[in-house]
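Welcome! Here are a few short exercises, each with a worked solution. Have a look at the structure first, then try each task before reading on.

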Amino acid sequence: MSTPVLATKLQIPASRPEMVVRSRLMAALDRGLGPGRKLTLVSAPAGFGKTTLLCGWLSRTEHARVAWLSLDERDNDPSRFLTYLIAALRRAREDIGADALALLHAGAAPQAEAILTALINDVARAGAEIVLALDDYHVIDAPAVHEAVTFLLDHLPSQLSLAIAGRADPPLALSRLRSRGELTELRAADLRFTPEEAGDFLNQVMGLRLAAADVAALETRTEGWIAGLQLAALSMRGRDDIPGFIRAFTGSHRFVIDYLAEEVLRGQPEEVRGFLLRTAVLDRLTGPLCDRLTGRDDGGATLRALEQANLFVVPLDDRREWYRYHPLFADVLRSRLLSEQPALVPGLHRTAGEWYESAGLTEDAVGHALAGADFERAATLIELAMPGLRRDRQDALLLGWLQAVPEEVVRRRPVISVFYAWRMLVAGDLDAVDAHLRDAEESLETATGVSAQGEELRTLPATIAVHRASLAQALGDVAETERHARRALTLARPEDHLARGAASGFLGLTAWASGDLETAVQTFSDAVASLHAAGNVADELSGSLVLADMWLARGRPSQARLLYERSLATIAAHGREVARSAADVHVGMGELQRELGDLDAAVRHLETARELGERASLTENRYRWFAAMAGVRESEGDLDGAVALLDQAERLYLRGFFPEVRPIAAMKARVWIRRGRLPEAEGWARRRGVSAGDELTYLREYDHLTLARLLIAQERGRDALGLLDRLLTAASGRAGSVNEVLVLTALAHRADGDHPRAVAALERALAATEPEGYVRLFLDEGEPMAALLGQVDLRRLAPARAGRLLPSPVRVAGPDALAEPLSEREAQVLRLLRTDLSGPEIARELSVSLNTVRTHTKHIFTKLGVNSRRAAIRQAERRGLL
């Protein structure tokens, strides 16, 4: 269940019926809804009537629906901002935002672009014209929120217009929007009252009867500044010497505000003045809350009277239940309260906090408890709010609160200390994690500061053990990771599924990192089962993907396929709830299909993953799409394309909780070796510090298998065989590793000139891999392996996949054989060159760039010894390649 949304933030503030009609500004705003317009910006200092103007304009807009959001400082939390943004648009259209909300509340930290993409797509499908208004945007200073609004602007559908009001220009691409004619802007010079508007305001709205000369003088003194005119009008009520009063003030806006506000306050009855000062600590006002602070029972009536008197009270809803003071007036009131009665302020905040707590408005209760220096109560409220805020990913709001709580209070609160430890772990500040966990343990032992109740407190010891396991793993301490994970299992009850799932997961990862794949699969399967029992479907799915990787490492792609298929069925059944994992499952299926030799199926799964986009992929998994597609390109013979994709994968890679068993740098080195770029591969080996005499560990196995390939390519078959013999012994019990070692052993014997042993090793590899159907394990080794495959009886050794392992038609034997055979992708391009398709059409057919097609064509011409498309077709036909 998500945190409740405050309805008054989504309601357009009520407009007064006696507002000044500002036709010139309304016409300018109407132009902002014209074709090609994206953003309407109303930017001016305080007191220029920005909100009033925007509300008046939107209330008369008939052809567009309105989504309104009044921003405050707490909206600097990206999750909170997105929550309210979605809620605002859903008030305009109920069929908008369901997917975005599901992503926002999914198991992983929200990714703004993915959430906004879902939201934008919904708006585009809905078809209705909508104006999204963001008021008081100047309170936003979080770069993540600015980036989210920039993304929204960059991808704004034609049906959606954005209106922003604030005291300063937002850090958006205004100059670009302006140059494209996509920006409508109103500034202080536009918002100032003209002499005629000033006259209407003073005499009709404020009820004065000023002579034209007095109006002109006031307009000149205030330069049409609306707040100044309003304060002046309030101050002039009941005065006889109007011209003298007007001459008495001049200067800056700040001076005018101070001077006139004092005049206004001095002119109020004592009960009104007392009400204003005692309620100045509130951001929002309602009758019962005001009664608690004033000790009276007329709060609602007083607020309505203040509104009728134009005393800077703004209604926040149509029922006139909630109000706020104008920011300028609120500043003056708070300053006066601190000046006259400073000792009263903490008590007022505490009383307000108690009222908000009783009303179930925890955020406001915490804010006032902190402002009133009631830190113990604030900490208690934070602990109670923590589960909901963490579930809704409002960690920034939570951290903002906690940073205002003194350290000695935090250290006495075990739940808060554990949260701090987790945040430090995520932030990479590993040195700080242990101290917070020790604070939590000491608080639990002495039973001091324990205010949290129920499930979270009961499971805290197991949670602390899980965090210690996580810290140990981040430090690379396998033994301590295992020790703390086992302690967590001991502390957790059978029904503590999340703690048990996390602990089992760490044990599985520890076993994986040490190469004990049988234990890894068993314990990680327990972890996934615990997540399932906890009803945590999203984490169950992400865990299933890790488990599939373990099965692949064990040499059991069939088990990995079962997990992927079950995951796809789960996604189909749960829909939006687990949308975050859909693309990752398709990437896994793509990798699997490539290994089994079905490149077309692999590409289909990867294309599906790309279409689902980032919103359907966990952040730590995004690199995998590029790595998987690089494998496809390598299998097609596009080795340069494979390296480019691996470069992108390397930029996206995030070191997470999982062991790095297939380093991307080693993947690139393997492609370089196939490409014949041995100096680059040798440079990788030097940088990585890999040598044939190293101590062998599972985490370095992929590097050493890559080094074996390099030694074979350098025609150092005997050195490669020595390394492979040691790797084979070390890999005992890991079928996936053993299979690869056997394939490379065959190639090493061939490089060493020992063909009988090469064939024997190959036959052993074929027999071992037949039940699971490996194909690319062999074919990706290129022409040397193709030559060896031609020397064995595939129909006897690998009957189920003989057709897929047989040399490609482009690898012909005899006098017409090419010195360097065409790759599979080059053969595809050659076949399309025979058609009437143009270069761009061939690129679209193969889903590659035109430059890639040109590169393949150049390679084809070189291998065939021709320099034109027509000559290439003739030569290919003569050689039996077509």
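**Exercise 1: Charges over rings**

Arg670 lies over the face of Tyr702, 3.7 Å from the ring centre. A charge counts as sitting over a ring if NZ of Lys or CZ of Arg is within 6 Å of the ring centre and within 35 degrees of the ring normal. This is a predicted model, in which local features need pLDDT of at least 70 and side-chain atom pairs count only at pLDDT 80 or more, while totals for chains, interfaces and linings use all residues. Residues are numbered from 1 along each chain as its sequence is written, and side-chain values use heavy atoms, with hydrogens and water left out.

Task: find which ring has Arg284 over its face.

Solution: Start at Arg284 and look for the ring beneath; the ring belongs to Trp322, with its centre at 4.4 Å. Next, look around that ring: Trp322 forms one aromatic cluster with Trp355 and Tyr356.

**Exercise 2: Aromatic pairs**

Task: classify the ring pair of Phe419 and Trp422.

Solution: Step one is the rule. Rings of Phe, Tyr and Trp (its six-membered ring) pair if their centres lie within 6.5 Å; planes under 30 degrees apart count as stacked, over 60 as edge-to-face and the rest as tilted. The structure holds six such aromatic pairs. Step two is to apply the rule: the centres of Phe419 and Trp422 are 6.2 Å apart and the planes are at 35°, so this pair is tilted. Step three is to place the pair: both residues lie in helix α23 (residues 414-427), three residues apart, about one turn of the helix. Helices (H or I, at least four residues) and strands (E, at least two) are DSSP runs, numbered from the N terminus.

Now compare Trp625 and Phe626: their ring centres are 5.1 Å apart and their planes at 80°, so that pair is edge-to-face. Both Trp625 and Phe626 are buried (under 20% relative accessible area, with exposed over 50% and partly exposed in between, for a 1.4 Å probe and protein chains only).

**Exercise 3: A helix and its length**

Task: check the span of helix α28 (residues 497-514).

Solution: First, the expected span is 1.5 Å times one less than the number of residues. For the 18 residues of α28 that should give 26 Å, and the end C-alpha atoms are 26 Å apart, which agrees. Then look at its surroundings: 13 of the 18 residues of α28 are buried, so the helix is mostly covered. Finally, step just past α28 to Gly515, which takes a positive phi of about 90°.
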